[in-house]
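Trainee: Could you take me through a close look at a single part of this model, the largest nonpolar core, and show how the elements around that part are built?

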Amino acid sequence: MFYREAGQFKTSYGADQAIFPILQDKLALAGIMAVALFVAPMIASTYWLETILVPFLVFSMAAIGLNILTGYCGQVSLGTGGFMACGAFFAYKLTTAFPDLHIVLVFLLSGLGTAMVGILFGIPSLRIKGFYLAVATLAAQFFLIWMFNKFGWWTNYSASGVISAPPRSVAGDLFITGPLASPIVKYLFLVVFVAVLALIAKNLVRSRIGRSWMAIRDMDIAAEIIGIRPMIAKLSAFAISSFYIGIAGALWAFVYTGSVEALAFEINRSFQVLFMIIIGGLGSILGSFLGAAFIVLLPILLNNLPSLIGVQMSVDLIGHLEFMIFGALIIFFLIVEPHGLARLWQIGKEKLRLWPFPY
Amino acid sequence: MSSTDTSMAAPESDQALGAQPPAEIARRFDEVLLSVDEISLSFGGVKALTGISFDIRKGEIRAIIGPNGAGKTSMLNVINGFYHPQEGTITYQGEVRKQMRPHRAAKQGIARTFQNVALFKGMSTLDNIMTGRLLKMKRNLFWQALYWGPNLKEEIEHREVCERIIDFLEIQSIRKTPVGRLPYGLQKRVELARALAMEPTLLLLDEPMAGMNVEEKEDMSRFVLDVNEEFGTTIALIEHDMGVVMDISDRVVVLDYGRKLADGTPDEVRGNQAVIDAYLGVSH
């Protein structure tokens, strides 16, 4: 009853092509941004900010990156962890070599560096598809992690192989890394940074380049006939996807954990991000956020649920239950809606438009 | 916009009518747009095409017919660069070459539809048609990331072209529907729309009416004729419905077992004994 486009007439194609053509959606987005920017920092505890919201935003960024490659361009990749590691170590080398370089610039440059690596490991995609490509990207995963472990140069010869983010601020005293960084500043920085990059991703996927990715994904032969060059479409998807994933890796190392070793970006991380986009919705920017929220929040929720409802359980029992319920929920969601939470949301909106009538 | 208008509105079919009495539908075309000479194509030991030569003249509707497995689709694949023939040459717009490349063919105005619909299933009808405009869009990555300003202007320009095609093919109501959900007949129409969005000089249609009922076939025939007349697009089509082929095409080439059996106007082909034998079989 409240979610209708009735009476909202579009008089130009420009208005029709807006990301949120319906007024209610625009208001909802404004509301969410207002809550994220003003309400959340005031009411959220340090625990909430540091262990839930910050990783959620970092994972969202990685999920957007992988979604561009897998969801939009149809190239399955298991190298996400490796590319995140690239971003993290590139950023570390950059900021230790040039301490005066602004940290945002460092993040963007390390993203660009990762994009180059992405192009390199994307070359096999010109010849192989599907599962075979997934296996080829595994090579990237293992090779990159091995490289960062093997050569001390990447960690500036630290004995433990761990890199610690030096203190860096976005402006003045607003430190986002190092011991002086406050959770609120970290969080607000991430909200703005991720929102801007998500908007750019959305713009890309609804422009020419996004259409060429989707064309390659859906029917590569027909795409070629239309004049899309598969090489350019696929490699640009690898580049832009890796750009996002690299930045996510740098944010992980610098803003979220503060210090990290290469093993943090092992194959498990790749699977985690892949699950996010499968559960959230392939080929959807919103789905990247929903999937990240699902994967980050659910374990925490499951962990805290027994004590919240007053049931006493041993810690290891909770741990095992968490795994089982988590797995069951993933299977449940995939059966109910194989296209992910984003599609569920879409269906919900369509139902809401007709409510209270069935059709 | 101005660029699109000039290339779309150039009726070249008028020239033919004057010479003949109006009752006679035979149109005359002189300028050769594409010709294939002695094309031979084989896959390993299988000879798909053997020494095929024919031409397609500017502005005509050219039908390629033949029994199943005759090499019709292979011929189209050779023309737009999917298959590379072992022998022979292809002359397109005066340029002689051994083989085409899909990207080059698209750039030079060869569009096509497929026998089994090859749409982008995950995208809406409008987005599918917009992909046909990809080669005409010029904004770089920076503007696309920004979307507003020049990129939005460009998007809207091309949207307008697509909307005209949507009007033309009467598919306004399914603009925003994902094509995977559309019935077969409409999917075929969307595929034609996508090909038209490329503003092709030469349009290759691979069985545009396969699996359609009479009404749908009539609609599709009307669209094919309208495209040919209004946009002056040269059309080469493969079709199994002989009624349709004889009615709408100007010239017909007949293939069988990778060889050319006959070439000429529908009437000539209809009377050709080799063609009748190929279709009906000969008693030995």
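Mentor: What follows is a walk through the core, then through one helix, and finally through one sheet.

Please keep in mind that this is a predicted model. The largest nonpolar core holds 173 residues, and the members that touch the most others are A:Met61, A:Tyr244 and A:Leu251. The element giving the most to this core is helix α10 of chain A, residues 230-257, which contributes 18 residues, while in chain B the core draws at least three residues from each of domain 1 (1-109 + 201-284) and domain 2 (120-199). In soluble globular proteins, nonpolar side chains tend to be buried together.

If residues up to four places away in sequence are left out, A:Leu251 touches A:Val58, A:Met61, A:Phe107, A:Leu190 and A:Tyr256. One of these partners, A:Leu190, is among the buried residues of α7(A), which also include A:Phe189, A:Phe193, A:Val194 and A:Leu197, as well as A:Lys186 and A:Asn203. Helix α7 of chain A covers residues 183-205, and because 23 residues at 1.5 Å a residue should span 33 Å, the 32 Å between its end C-alpha atoms agrees with that expectation.

Turning to chain B, an open sheet of four antiparallel strands has the order β2-β1-β4-β5, with β2 (46-57) and β5 (95-97) as the edge strands, each pairing on one side only. Neighbouring strands of this sheet are turned against each other by 15° on average, direction ignored. Within the sheet, strand β1(B), residues 32-43, is joined to the antiparallel β2(B) by eight bridges, and B:Val32 stands opposite B:Arg57 of β2(B).

Note on methods:
Residues are numbered from 1 along each chain as its sequence is written. Chains are lettered from A and ligands numbered from 1 in the order in which they are written. This is a predicted model: local features need pLDDT of at least 70, side-chain atom pairs count only at pLDDT 80 or more; totals for chains, interfaces and linings use all residues. A nonpolar core is a set of buried Ala, Val, Leu, Ile, Met, Phe, Trp, Tyr and Cys residues joined through C-beta atoms within 7 Å. A residue is buried if 20 or more other C-beta atoms lie within 10 Å of its own, exposed if 12 or fewer, and partly exposed in between; C-beta atoms are placed from the backbone. Helices (H or I, at least four residues) and strands (E, at least two) are DSSP runs, numbered from the N terminus. Domain bounds come from an automatic or database domain assignment. Two residues are in contact if their C-beta atoms, placed from the backbone, lie within 7 Å. The expected span of a helix is 1.5 Å times one less than its number of residues. Two strands pair if DSSP finds at least two bridges between them. Axes are lines fitted to C-alpha atoms, for helices over the stretch in contact, and angles run from 0 to 180 degrees between N-to-C directions.
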